[in-house]
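User: I have a structure to go through and would like short, reasoned answers. Please take the points one at a time.
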Amino acid sequence: MSDDISESTTGDRVAKISRETAETTIEVTLTIDGEGKAVVDTGIGFFDHMLEAFSKHGLFDLTVSCDGDLEIDDHHTVEDIGIVIGDALASALGDKQGVVRFADCSVPLDESLATVVVDLSGRPHFEFEGSFSQPTIGAFTSDMARHFFVSLSMHSDITVHASVKGSNAHHEVEALFKASARALDAATRLDPRRSDTPSTKQVLWYFRSLFWPFDTKSWSPATR
Ligand SMILES: [Mn+2]
């Protein structure tokens, strides 16, 4: 599979990433210290709704454009947008100096409840507990919500533990995106009391360093 990626960091805690494969062409810009403004067009209505919620509740400014192979299904589009948002998070966070690092959030949506716990550890890991009550939500395959967060955690080098329960898949997935947004917002905040990296190892990019042990800002996702 061809995998043509370009990455540019346009300022502090901002990233713009383009990724093109035979399956999807994606461009993402992410501002961690944003206002919750989103311009999202994935071709999947429910997924646009989720990414807008992610931006709104995480106070991330987010633009996502995607031309994906929706004639097959939603899989590559959702998976690859998770990859690119993950890459954008890693790029925008840089060396993570001064960040809070750990956070958790539980969000209800009527009968549904999602809990997300994150650690900006530099070690990608995803754990999930629960299931979705209906297999599809519009043109979105419910299980792709889980898969989206697998992609995001693997490419952002963030540890994510997520759980969800409920009886309506729209509510379950929406609660999951909102809880993730709130947890990531809290973990990526800069703590004014902290001037160093919140690790006794002093580094939070161990995994990434295996591939590119130099400047994390110039690390290329193409090496993964
Ligand atoms: Mn909704």
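User: Which residues of helix 1 are buried?

Analyst: The model is predicted, and a residue counts as buried when 20 or more other C-beta atoms lie within 10 Å of its own. In helix 1 the residues that meet this cut-off are Phe-46, Phe-47, Met-50, Leu-51, Ala-53, Phe-54, Ser-55, His-57 and Gly-58.

User: What do the buried residues of helix 1 pack against?

Analyst: Their partners include both strands and helices. The strands are strand 4 (38–41), strand 5 (61–68), strand 9 (136–137) and strand 10 (140–141). The helices are helix 2 (75–93) and helix 4.

User: How far apart are the end C-alpha atoms of helix 1?

Analyst: Helix 1 has 14 residues, which at 1.5 Å a residue should span 20 Å. The model agrees with this, because the end C-alpha atoms are 20 Å apart.

User: At what angle do the axes of helix 1 and helix 4 cross?

Analyst: Two packed helices are described by the angle between their axes and the distance between the axes. For helix 1 (residues 45–58) and helix 4 (residues 169–188), the axes come within 8 Å. The crossing is right-handed. The angle is roughly 35°.

User: How do the residues of the contact of helix 1 with helix 4 divide into nonpolar, polar and charged?

Analyst: Helix 1 contributes Met-50, Ala-53, Phe-54, His-57 and Gly-58. Helix 4 contributes Val-173, Glu-174, Phe-177, Lys-178, Ser-180, Ala-181, Arg-182, Leu-184 and Asp-185. The contact comes to seven nonpolar, three polar and four charged residues.

User: How many residues of helix 4 are buried?

Analyst: Helix 4 has 20 residues and reaches 28 Å from its first C-alpha to its last, close to the 28 Å expected. Helix 4 is largely enclosed by the rest of the structure, because the buried residues number 19 of the 20.

User: Which residue with a positive phi follows helix 1?

Analyst: Most residues other than glycine have a negative phi. The residue in question has a positive phi of about 55° although it is not a glycine, and it lies in the loop between helix 1 and strand 5. With 19 C-beta neighbours inside 10 Å it counts as partly exposed. It is Leu-59.

User: Is Asp-157 buried or exposed?

Analyst: Asp-157 is found in the loop between helix 3 (143–156) and strand 11 (159–165). Asp-157 also has a positive phi, about 60°, without being a glycine. There are 24 other C-beta atoms within 10 Å, so Asp-157 is buried.

User: Which residues have the most contacts inside the largest nonpolar core?

Analyst: In soluble globular proteins, nonpolar side chains tend to be buried together. Here buried residues make up 44% of the 224 residues in the protein chain, and the largest nonpolar core has 57 residues. Leaving aside neighbours within four places in sequence, Ala-88 is in contact with Ala-15, Ile-17, Val-28 and Leu-30. The residues with the most contacts inside the core are Leu-30, Ala-88 and Leu-176.

User: Which residues does Asp-104 touch, not counting those up to four places away in sequence?

Analyst: Asp-104 lies in strand 6 (residues 102–109). Asp-104 is partly exposed, because 15 other C-beta atoms lie within 10 Å. Its C-alpha is separated by 9.6 Å from that of Val-160, 56 residues away along the chain. The residues touched by Asp-104 are Thr-115, Val-116, Val-117 and Ala-183.

Methods
Residues are numbered from 1 along each chain as its sequence is written. This is a predicted model: local features need pLDDT of at least 70, side-chain atom pairs count only at pLDDT 80 or more; totals for chains, interfaces and linings use all residues. Helices (H or I, at least four residues) and strands (E, at least two) are DSSP runs, numbered from the N terminus. A residue is buried if 20 or more other C-beta atoms lie within 10 Å of its own, exposed if 12 or fewer, and partly exposed in between; C-beta atoms are placed from the backbone. Two residues are in contact if their C-beta atoms, placed from the backbone, lie within 7 Å. A nonpolar core is a set of buried Ala, Val, Leu, Ile, Met, Phe, Trp, Tyr and Cys residues joined through C-beta atoms within 7 Å. Axes are lines fitted to C-alpha atoms, for helices over the stretch in contact, and angles run from 0 to 180 degrees between N-to-C directions. A crossing is left-handed if the near helix is turned anticlockwise from the far one by less than a right angle, and right-handed if clockwise. Ala, Val, Leu, Ile, Met, Phe, Trp, Tyr, Cys and Pro count as nonpolar, Asp, Glu, Lys and Arg as charged, and the others, Gly among them, as polar. The expected span of a helix is 1.5 Å times one less than its number of residues.
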